[in-house]
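Reader: I am new to reading protein structures. Could you take me through this one in short steps?

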Amino acid sequence: MDVLTALLLLVHLIPVSTAKNGVSSKSRKRIMPDPVTEPPVTDPVYEALLYCNIPSVAERSMEGHAPHHFKLVSVHVFIRHGDRYPLYVIPKTKRPEIDCTLVANRKPYHPKLEAFISHMSKGSGASFESPLNSLPLYPNHPLCEMGELTQTGVVQHLQNGQLLRDIYLKKHKLLPNDWSADQLYLETTGKSRTLQSGLALLYGFLPDFDWKKIYFRHQPSALFCSGSCYCPVRNQYLEKEQRRQYLLRLKNSQLEKTYGEMAKIVDVPTKQLRAANPIDSMLCHLCHNVSFPCTRNGCVDMEHFKVIKTHQIEDERERREKKLYLGYSLLGAHPILNQTIGRMQRATEGRKEELFALYSAHDVTLSPVLSALGLSEARFPRFAARLIFELWQDREKPNEHSVRILYNGVDVTFHTSFCQDHHKRSPKPMCPFENLVRFVKRDMFVALGGSSTNYDDACHREGF
Ligand SMILES: *[C@@H]1O[C@H](CO)[C@@H](O)[C@H](O)[C@H]1NC(C)=O
Ligand SMILES: *[C@@H]1O[C@H](CO)[C@@H](O)[C@H](O)[C@H]1NC(C)=O
C-alpha cells in the first residue's frame, strides 16, 4: 500500500517537478520521446500513469490553431473510450472494488456530471441504431461489471468535449447555434463503454443537446471497416505480428520467471495466469490507487508490474522495427481513412453535412490509424485518447484546403508520412489536404512494398 500511495503521488508531483526545471507541463504529454527532457530508459511506472490519464487540471492543447486567414471547415474526432474496469480477472483473487455509479461529490469531480446523468436519463432508443438501443447510457453498477466505464472515464470525456467546445464552437463557430442533425456524424462500436464515452464527449461539446437531433450509428468492427473488412493479406500480417510477439516473449526469461511467481501466489498454472492478461487488471489497481491483490501465499507487487510493463514497452519498440504491424495497419486503417477523406472532400465542395464526426472506439482502432499515418513513435492510446483531423480553407485562396492532425492535443501533422517533408518542399504553413488524399488513395499501398496501388489488390496479393 505504501509503495502504491507513493507512486500515485507521482501523478501530482510530475507537473511540479518538471515546472521547476523550466519544462512546461505540455512537454510531458509529448507523444514523441524527447532525448532532452525524457529519461533514456523508459520508466514503466511513469508510462503506466500516462496511460491512466488521471483527470487533473485543464490541459493545454493545440487544436484549432491556424493562421488568421484560414477558416475551419470540418473536424473528425477518433476517441478511445475512457477509464474502464478490467476485461479480465486475476484468477482466484478478489477483484478490485471499484464503484461504477456516478456520484457528483466523489473524485474525480466534474461540474457537469450531475447534469449529464439527468440528461442521459431523458434519452430514448430512437437516437441509436440497433443494437445500441439496448445499452445503458451511463455506468451504474456499485461494483463495476467487467469492462464497464468508470466515473473517471466519464469525466475524461466530459473534459474532452468541453475542450473541443471551447475551441471549435466558441472560437471557430464550426456549427451554427441552430445546428441540425445532419451536421453531426456519430458512430460507435457496440460496447457500453464506447457508447457512454461518445455520449459524455458529446455532452461536454453540446451541453443539453436536443435528443431528437442525435443519431449514433453502430459499427460492428473495431477497425471501423464497414463493408470493406474482408482483407486476407491484412490477416496474414497480423498472424506474423503475433508470431513475432510470441517469440519475443519466449526470449524474456525475467518475464517468464515473473509470471511463474505470480502463478504460484494465486495457485494456478502459469499458462492460465498469462492467459488472464494480468497487466490489464494491475493497471486498474494502479490507476485507481487500489493495492495489488494478495493471497495466503503472498502478494502480487510492484516489481511484478514493472517487469510486465517493461516487456510491453520493449514489445512496442520491436513492433516498430519489424514493420509487420505497419503492414497490418496500412490495410486495417485504409477503410476508415478513406471514409474520412470522403467526408472531408464533400465538405471542401461546400456541402454543410457531417461537419463534426465522432468515432467512439478502442485502442485497437486508434493504434493502427496512428501507425498507418506514420506516427509510429506515438504512445499507445491511453484511456480517453483523442486523434483529430481538422480541415481548413484558405480564405485568400478558397479552392485550397489544408489538414491538421492532432493526437492528445499535440500537433503531429508534420510527423505524418504524408507531410513530414512538407517544409522542405513548400513555404506554405499548413499541410495541403491533397497530400492526405494522395496518401490514402495510393501512397499507403506503395508503402506496403508490392506493386498494388489500391485496396482490393493489396488485400489479395498473391504469394505474400
Ligand atoms: C491512496 O490510498 C491511500 C489509502 O488507501 C490514501 O491514503 C492516499 O491518499 C491515496 N492516494 C491518492 C493519490 O489518492
Ligand atoms: C473509398 O471511398 C469511396 C467514396 O468516397 C468509395 O467509393 C470506395 O469504395 C471506398 N474504398 C474503400 C476500399 O473503402
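Author: What follows is a set of short questions and answers on a predicted model.

Reader: Which residues surround ligand 2?

Author: A residue belongs here if one of its heavy atoms lies within 4 Å of the ligand. The shell divides into one nonpolar residue, three polar ones and no charged ones. Its members are Ser228, His334, Asn338 and Tyr455.

Reader: How far is an oxygen atom of ligand 2 from an N or O atom in the side chain of Asn338?

Author: Asn338 is part of the shell around ligand 2. Ser228 is there too, and a polar atom of its side chain lies 3.5 Å from an oxygen atom of the ligand. For the side chain of Asn338, the distance from an N or O atom to a ligand oxygen is 2.4 Å.

Reader: How much of the accessible area of ligand 2 does the protein cover?

Author: On its own, ligand 2 has 360 Å² of accessible area. The part covered by the protein is 47%.

Reader: Which helix gives the most to the largest nonpolar core?

Author: That core has 51 residues. Leu331, Leu337, Leu373, Phe389, Phe418 and Leu436 touch the most other members. With 10 residues, the top contributor is helix α11, residues 324-348.

Reader: What does Phe418 touch, not counting residues up to four places away in sequence?

Author: Phe418 is among the core residues that touch the most other members. Touching here means heavy atoms within 4.5 Å. By that test, its partners are Leu373, Val403, Ile405, Cys431, Asn435, Leu436 and Phe439.

Reader: How many residues does the other core have?

Author: This core lies apart from the one that holds Phe418. Among its members are Leu149, Ile167, Leu195 and Met430. Its residue count is 45.

Reader: Is Gln183 buried or exposed?

Author: Gln183 sits in the loop between α4 and β2. It touches residues including Leu175, Pro176, Lys352 and Phe356. Buried means under 20% relative accessible area. Gln183 has 10%, so it is buried.

Reader: Why is helix α9 described as largely enclosed by the rest of the structure?

Author: Helix α9 covers residues 278-287. Among its buried residues are Pro278, Asp280, His285 and Cys287. The helix is largely enclosed because the buried count is 10 of the 10 residues.

Reader: What separation do the C-alpha atoms of Asp363 and Cys284 have?

Author: Cys284 is one of the buried residues of α9. Asp363 lies in helix α12, and at 18% relative accessibility it counts as buried too. The two residues are 79 places apart along the chain. Their C-alpha atoms are separated by 16 Å.

Reader: Which residue does a cis peptide bond join to Lys107?

Author: Most peptide bonds are trans. Here the bond is cis, with omega about -10°. The partner lies in the loop between β1 and α3. It is Pro108.

Reader: What is omega for the cis bond that joins Ser130 and Pro131?

Author: Pro131 is found in the loop between α3 and α4. The cis bond joins it to Ser130. Omega is about 5°.

Reader: Is Asp267 buried or exposed?

Author: Asp267 lies in the loop between α7 and α8. Its phi is positive, near 65°. Exposed means over 50% relative accessible area. Asp267 has 51%, so it counts as exposed.

How values were computed:
Residues numbered from 1 in each chain as written. Chains lettered and ligands numbered in written order. Predicted model: local features only at pLDDT ≥ 70, side-chain atom pairs only at ≥ 80, totals over all residues. Heavy atoms only, no water. Polar contact = N/O pair within 3.5 Å; in protein donor to acceptor, adjacent residues only side chain to side chain. Areas by Shrake-Rupley, 256 points an atom, 1.4 Å probe, with all protein chains shown as cover. Nonpolar A, V, L, I, M, F, W, Y, C, P; charged D, E, K, R; others polar. Core = buried A, V, L, I, M, F, W, Y, C linked by side-chain atoms within 4.5 Å. Buried < 20%, exposed > 50% of the residue type's maximum accessible area, 1.4 Å probe, protein only. Helix = DSSP H or I, 4+ residues; strand = E, 2+ residues; numbered from the N terminus.
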